[in-house]
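Biologist: I am new to this one and would like to understand the words used for it. Could you show it to me and take my questions?

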Amino acid sequence: MDPIQTLVKDLADIHGRKRENLLPIMQGVVEKEHYLSELSMIEIAREMDIPAADVYGTATFYSFLETKSTGKYTIRVCKTITCAMKGKNQVLFAIQDMLKIKLGETTPDHQFTLLETNCLGWCHKAPAMLINDEVYTELTPEKVREILSEYMKQNGNNGYH
Amino acid sequence: MANSHQLKRVDFIFRNENDWEKVLSNTIKKTPRDLINELISSELKGRGGAGFPTGLKWKLTSEAESDEKYVICNADEGEPGTFKDREILSRVPYKVFTAMAICGYITGAREGFIYLRGEYKFLKEELEKVIDEFDYYCREIKLDFKIKVFMGSGAYICGEETALMESMEGKRGEPRNKPPFPTQAGYQGKPTVINNVETLVHTFTIFKYGAKKFYDLGVQYSRGTKLFSVSGDTPKPGIYELELGMSLQDFVYEFGDGDTKAVQVGGASGFLVPRKKFKDAAIGFKGKLTGISLPTGGSMMLFNSSRSMFNVLDNYLEFFREESCGQCTPCRVGCQQLLLGIKAVKRGDKPAAYLDKLLRLTETMQYTAKCGLGQSVANSFSSIVENFREEMIY
């Protein structure tokens, strides 16, 4: 069996095959695959016996259920008011400069995807960002460079040019 | 009186209470009817922002006839400037679970869910550990109630109660028409109590210490305490539990940086209050308080004179444009047009009088949008445009 097929089947075994189990299953696929590919959405539809359009329609509603290929780490920088006031742009510039990608792009080695997101709920420690599920707060350009270097070191990456 | 009210710090919510087992087992010895009356007499109103009387909500659900009922804790905290619910769930989760179980006992629900926003996924594992402990105790006292965590996936609108239920049912998080209300037909069409995280913790306090203790705090129509999430231009951002009914003047005196130009009360869907109105504004639910009373889910964002109110409004509108579910036209198109509109005025492509047209558009949205999101855009839009008109134009 295709690994996606196996993954979807395993998730359906854990969560169930009713409509209310759709979100947990999609979240499970995103956790492993980082995004919902066309293939995985068709597989989910088949496994749950619902139209693929329903799966796609539901997936595209939620900003954390990506339907386009993303890197291993998705960086989501908060852009809502307090973070915007407390230097979100400088943090964003530092990330773009370091990863050599623009907002919405993925590094060529598929390690990092850079996105903005709405209020993360860390306004008292702004600016904030998520890297996958990990929260980072009170960011400065220096701090964010350190954080990203750590991630890159773990993956044997010496930097982007 | 609101004007002379000083800020009163209170410590109920985060107080470490090691006796939740006792509170739970003692409470369920009383009859559901007595407990509902206790809750009603406390005059607790929902702490998510809308302020619906909690006792009444539980009463309606307990009276609804159905084999299946549900209790949902709304932890989809997404309003800009709000971060108290996360703190509650990480510091005193057992109070939330105890309150949910008591609610289950009163209403006849045997299943409870915590709808946790995707942004707070890091809390899930710890919460599930505490739930395991909690389940064990429920079995011990033979209370048939189970709690599960349901994860959201990044959608502000899912904080709206019926959108949240759609989302739990595996669908797009699009709000439903009301009525029927969740107390009659909620999750899976069954009677459902859905409460904000903080509301549930207040019920824990009420069941432990009695309604009077809670009722004696705050002011008329706005009883008890409230958690405030304070951010923006303030030397001490953070979470504070305060008695309701304080004047905004006192609040700014305590939390301002000496140069506070305006305060946004209730997040992007709330109201912006300019400096000259601080002394007339009180924080609480609508009632007979003198001056303006401002309800809030607890978001208090301070802006000092270095901030452009145009940028603030621009940021809010971009937020609403992205988070509008797109289901109803007034909200979907309205949010887009408001954003385009203020930019056009700022560039000089449209005359200043165009702002009045946009104000009328927000009024239309207030009357015709399907849910609170589209309806409340008018709050921040009109309060910013009316009070800082020059900043929108020049």
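Modeller: Gladly; what follows is a short talk about a predicted model.

Biologist: What makes residues of chain A and chain B count as in contact?

Modeller: Their C-beta atoms, placed from the backbone, must lie within 7 Å. By that rule, 30 residues of chain A are in contact with 37 residues of chain B.

Biologist: Which elements give two or more residues to the side of chain A that touches chain B?

Modeller: They are helix H2 (22–33), helix H4 (52–59), helix H5 (81–85) and strand S4 (134–136) of chain A. H5(A) gives the most, with 4 residues.

Biologist: How do the residues of that side divide into nonpolar, polar and charged?

Modeller: There are 16 nonpolar, 10 polar and 4 charged residues on the side of chain A that touches chain B.

Biologist: Let us turn to a pair of helices. Which residues of H2(A) and H3(A) meet?

Modeller: Leu22(A), Ile25(A), Met26(A), Val29(A) and Glu33(A) in H2(A) meet Ser40(A), Ile44(A) and Met48(A) in H3(A).

Biologist: Why is Glu33(A) called charged and Ser40(A) polar?

Modeller: Glu is listed with Asp, Lys and Arg as charged, while Ser is in neither the charged nor the nonpolar list, so Ser40(A) counts as polar. The contact of H2(A) with H3(A) has 6 nonpolar, 1 polar and 1 charged residue.

Biologist: How do the axes of H2(A) and helix H3 (residues 38–48) of chain A cross?

Modeller: These axes come within 11 Å and cross at roughly 145 degrees, and the crossing is right-handed.

Note on methods
Residues numbered from 1 in each chain as written. Chains lettered and ligands numbered in written order. Predicted model: local features only at pLDDT ≥ 70, side-chain atom pairs only at ≥ 80, totals over all residues. Contact = placed C-beta atoms within 7 Å. Axes fitted to C-alpha atoms, helices over the stretch in contact; angles between N-to-C directions. Left-handed = near helix turned anticlockwise from the far one by under 90°.
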